[in-house]
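Work through the exercises below with the sequence and the model open. Each task is followed by a solution in steps.

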Amino acid sequence: SGSSDPYCVVKVDNEVVARTATVWKSLNPFWGEEYTLRLPRGFRNLAVYVLDEDTIGQDDVIGKVSLSRQQISAEPRGVDSWLSLVPVDPDKEVQGEIHLELRVPEQGHPRVLRCHLIEARDLAPRDLSGTSDPFARVSCCGHTLETAVIKKTRFPHWDEVLEFELAEGELGQTVLSVEVWDWDIVGKNDFLGRVEFPLDTICTDPTKGWFQLLPFPSTTEDHGGQLGALRLAVRLVEDRVLPPHYYQPLIQLLTEPILCPGQPPAGTALAVLEEVTSGESRQDVATKLVKIFLGQGLAVPLLDYLTTRELARTMDPNTLFRSNSLASKSVEQFMKVVGLSYLHEVLKPVVNRIFEEKKYVELDPGKMELSRSRRISFKGSLSEAQVRESSLELLKGYLGDIVDAIVGSVEKCPLLMRVAFKQLRRRVEERFPSAQHEEVRYFSISGFLFLRFFAPAVLTPKLFSLREQHADPRTGRTLLLLAK
């Protein structure tokens, strides 16, 4: 068809930790999905594979982007850019570890290198059975020895000792190489990974332990973006969590202006935090603040404090809460934490119906595909005016159902949200009391409730967990027009 059905798989050290939804029939997919991954302290690599989903047979691998821990850590604000996809070479897709003991006894002539291959674990599956038939190959000083083949396992236990005689003067730059292969009765064996050790290091200090298997040194050429590119934003945050009592002084400092409102507002910790928080970190700060104050039972007073400060700075009511200030972001995060189940109850029935019906809706004459309108009428293609009229009727129907669901949901709306918005309305009335600004009290609430809560959920239901998959292009266009 000239297109793909792409999805992404995220791996950390070759372990799958996340999978995006599939975007159907697209070479320019948008996912917009965000994952918070709890990583082991010693993780080495993050890789994102792009695959093409096939209903019959195995999914095709399009390419991958791989980032080492060092690459991610080198950017304090994180990696955020287009990265070219590179081909996936099975010889470089290795995983697992090998358990070795290497030593050269001090006594004896000639000296002998004893390589004890104990076991391996979590090897890559190379056979259709989901296992492998692994054996180890050890090379040193121009000689190669192999262990026995252990059939149908990814966790082989060899417990074999391979010995190499070392000639005088061979220790210099000599390297001991241990490779693990999957034995095949037909065709060539499959590579499973390798690890190398400088021989002079082993002679001075016996080596024992688990070692991660590595791919062959990379010779991948730059394919000039032929496979496409992936837009990624990756940030590594290392949190050291202490016992709760360590945080009490900070919590007291943050809650002080709310619990003791008499002090000058400009000098409070919250006011200073608001001043120094940059646009990039505002979302993170707002999320943390909302969670802290919800835990203290002070979320509504927090929002009242922040919105009151923003009201005091606002001269033109038409610009009220339009910027991504700390107040706006905090209210937005508050609604997502407190009101997500409410959002689901209100929107899910209508959103599910839109996905199931897959109606053709288009208002822009430049984007209309009149041949598609045959599905609307059995009499052949419709005119531009007829498509527009049909689309308007459908949109009005869907929109009416959405508005009715919202208006009829007052009793279902979480009490905290209702209290917060009641307080917001009162503060706006105090700030703009004149009759000409009577509607501002409503705009201030609808700006949050519709523009930052209901409309984004209608636009991308997957990001609000309303659907498991993203919308196909036709349904996505309907949702976009409804959100607008």
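**Exercise 1. Determine how far α6 is covered, and by what.**

Step 1. Of the 15 residues in α6, 11 are buried, so the helix is mostly covered; buried means under 20% relative accessible area, exposed over 50%, and partly exposed in between, with a 1.4 Å probe and protein chains only. Helices (H or I, at least four residues) and strands (E, at least two) are DSSP runs, numbered from the N terminus.

Step 2. The model is predicted: local features need pLDDT of at least 70, side-chain atom pairs count only at pLDDT 80 or more, and totals for chains, interfaces and linings use all residues. Residues are numbered from 1 along each chain as its sequence is written, and side-chain values use heavy atoms, with hydrogens and water left out.

Step 3. Among the buried residues of α6 are the charged-letter positions D304, R309 and E310, along with L302, L303 and L306.

Step 4. These buried residues pack against α3 (248-259), α4 (269-276), α5 (282-295), α7 and α9.

Step 5. From first C-alpha to last, α6 reaches 22 Å, close to the expected 21 Å; the expected span is 1.5 Å times one less than the number of residues.

**Exercise 2. Find the largest nonpolar core and the helices that build it.**

Step 1. A nonpolar core is a set of buried Ala, Val, Leu, Ile, Met, Phe, Trp, Tyr and Cys residues joined through side-chain atoms within 4.5 Å. The largest one has 44 residues, and F334, L347, M417, F421, F453 and F454 have the most contacts inside it.

Step 2. Elements giving two or more residues to this core include α6 (299-313), α8 (384-407) and α10 (440-459). The largest share, 12 residues, comes from α7.

Step 3. Take F421 as a sample: leaving out residues up to four places away in sequence, F421 touches V331, M335, I445, F448 and L449, where contact means heavy atoms within 4.5 Å.

Step 4. Apart from this core lies another, of 29 residues, among them I98, C140, C141 and F164.

**Exercise 3. Decide whether C140 is in a disulfide.**

Step 1. A disulfide is a pair of cysteine sulfur atoms within 2.5 Å.

Step 2. The nearest cysteine sulfur to that of C140 belongs to C141, 3.4 Å away, and C140 is in no disulfide. The structure holds zero disulfides.

Step 3. C140 counts as buried, at 2% relative accessibility.

**Exercise 4. Give the strand order of the open four-stranded sheet and its edges.**

Step 1. The order is β9-β8-β11-β12, with antiparallel pairing; two strands pair if DSSP finds at least two bridges between them.

Step 2. β9 (143-146) and β12 (190-198) each have a single partner strand, so one side of each is left without a neighbour in the sheet.
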